[in-house]
Amino acid sequence: QDDFHEGGCELVLSSDHSDPYRSNRYIFMSDYNGRALMNINGHDVRFTLTRSTESQKEPKIGERSQYWYASRSLSVRIDYTVTGVCPPDDESCEVFYYKALIHLRSGALTKSVSAKGLCGT
């Protein structure tokens, strides 16, 4: 977590009932420099962004995007859906809430988990 100072995304398991904004039980973190970190079986694995379908416009509730990351032997695709945005009258708010589906691939093996979290600074 110390490497991600300039903002990005933080995801917790959907089954985790803690507030993702205050949680420290992240299973996935990314920053705006294309770096990511995912906890897999208790080990932190670093990934690099390879591509995305991110819109350049301000996110809206219901909008979807996808991000692909890779490491040496693993790849991750994250399907994001916007679930919350900042109130229009709150100029200091720079956070968007998401539900996400994380797809992890190692060779022919795949695993998918549901997550929730936020992106912003």
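**Rings and barrel: a short walk through the model**

I will start with one residue: Tyr67 counts as buried, at 13% relative accessibility. Buried here means under 20% relative accessible area, with exposed over 50% and partly exposed in between, using a 1.4 Å probe and protein chains only.

A word on the basis. This is a predicted model, in which local features need pLDDT of at least 70 and side-chain atom pairs count only at pLDDT 80 or more, while totals for chains, interfaces and linings use all residues. Residues are numbered from 1 along each chain as its sequence is written, and side-chain values use heavy atoms, with hydrogens and water left out.

Now the fold. The chain has eight strands and zero helices; these are DSSP runs numbered from the N terminus, E over at least two residues for a strand, H or I over at least four for a helix. The eight strands close into a barrel, ordered S1-S2-S3-S4-S5-S6-S7-S8, with antiparallel pairing. Two strands pair if DSSP finds at least two bridges between them. From one strand to the next the twist averages 30°, taking axes as lines fitted to C-alpha atoms (for helices over the stretch in contact) and angles from 0 to 180 degrees between N-to-C directions.

How many bridges join S1 to S8? There are six, and these two strands run antiparallel. Gly8 stands opposite Gly120 in S8. S5 and S6 are joined by seven bridges, again antiparallel, and a hairpin of four residues connects them. Ala70 has Ser75 in S6 as its bridge partner.

On the other side of S5, four bridges join it to strand S4, residues 43–52, also antiparallel. Here Arg51 has Trp68 in S5 as its bridge partner. Arg51 also lies over the face of Trp68, 3.7 Å from the ring centre. The rule for a charge over a ring is NZ of Lys or CZ of Arg within 6 Å of the ring centre and within 35 degrees of the ring normal.

Next, the interior. Buried residues make up 40% of the 121 residues in the chain. The largest nonpolar core has 22 residues, and those touching the most other members are Phe28, Phe47, Ile78, Tyr80 and Ile102. Strand S7, residues 95–106, is one of the elements that give two or more residues to this core; S7 gives the most, five. A nonpolar core is a set of buried Ala, Val, Leu, Ile, Met, Phe, Trp, Tyr and Cys residues joined through side-chain atoms within 4.5 Å.

Then the aromatic pairs. Rings of Phe, Tyr and Trp (its six-membered ring) pair if their centres lie within 6.5 Å; planes under 30 degrees apart count as stacked, over 60 as edge-to-face, the rest as tilted. That rule gives three aromatic pairs. Phe28 and Tyr69 are edge-to-face, 5.4 Å centre to centre with 65° between the planes. They link distant parts of the chain, 41 residues apart: Phe28 is in strand S2, residues 28–31, and Tyr69 in S5. Phe28 is buried at 0% relative accessibility, and Tyr69 at 4%.

Tyr67 and Tyr80 are also edge-to-face, at 5.5 Å and 90°. Tyr67 lies in S5 and Tyr80 in S6, so this pair ties together parts 13 residues apart in sequence. Tyr80 is buried, with 2% relative accessible area. Which residues form one aromatic cluster? Tyr67, Tyr80 and Tyr98.
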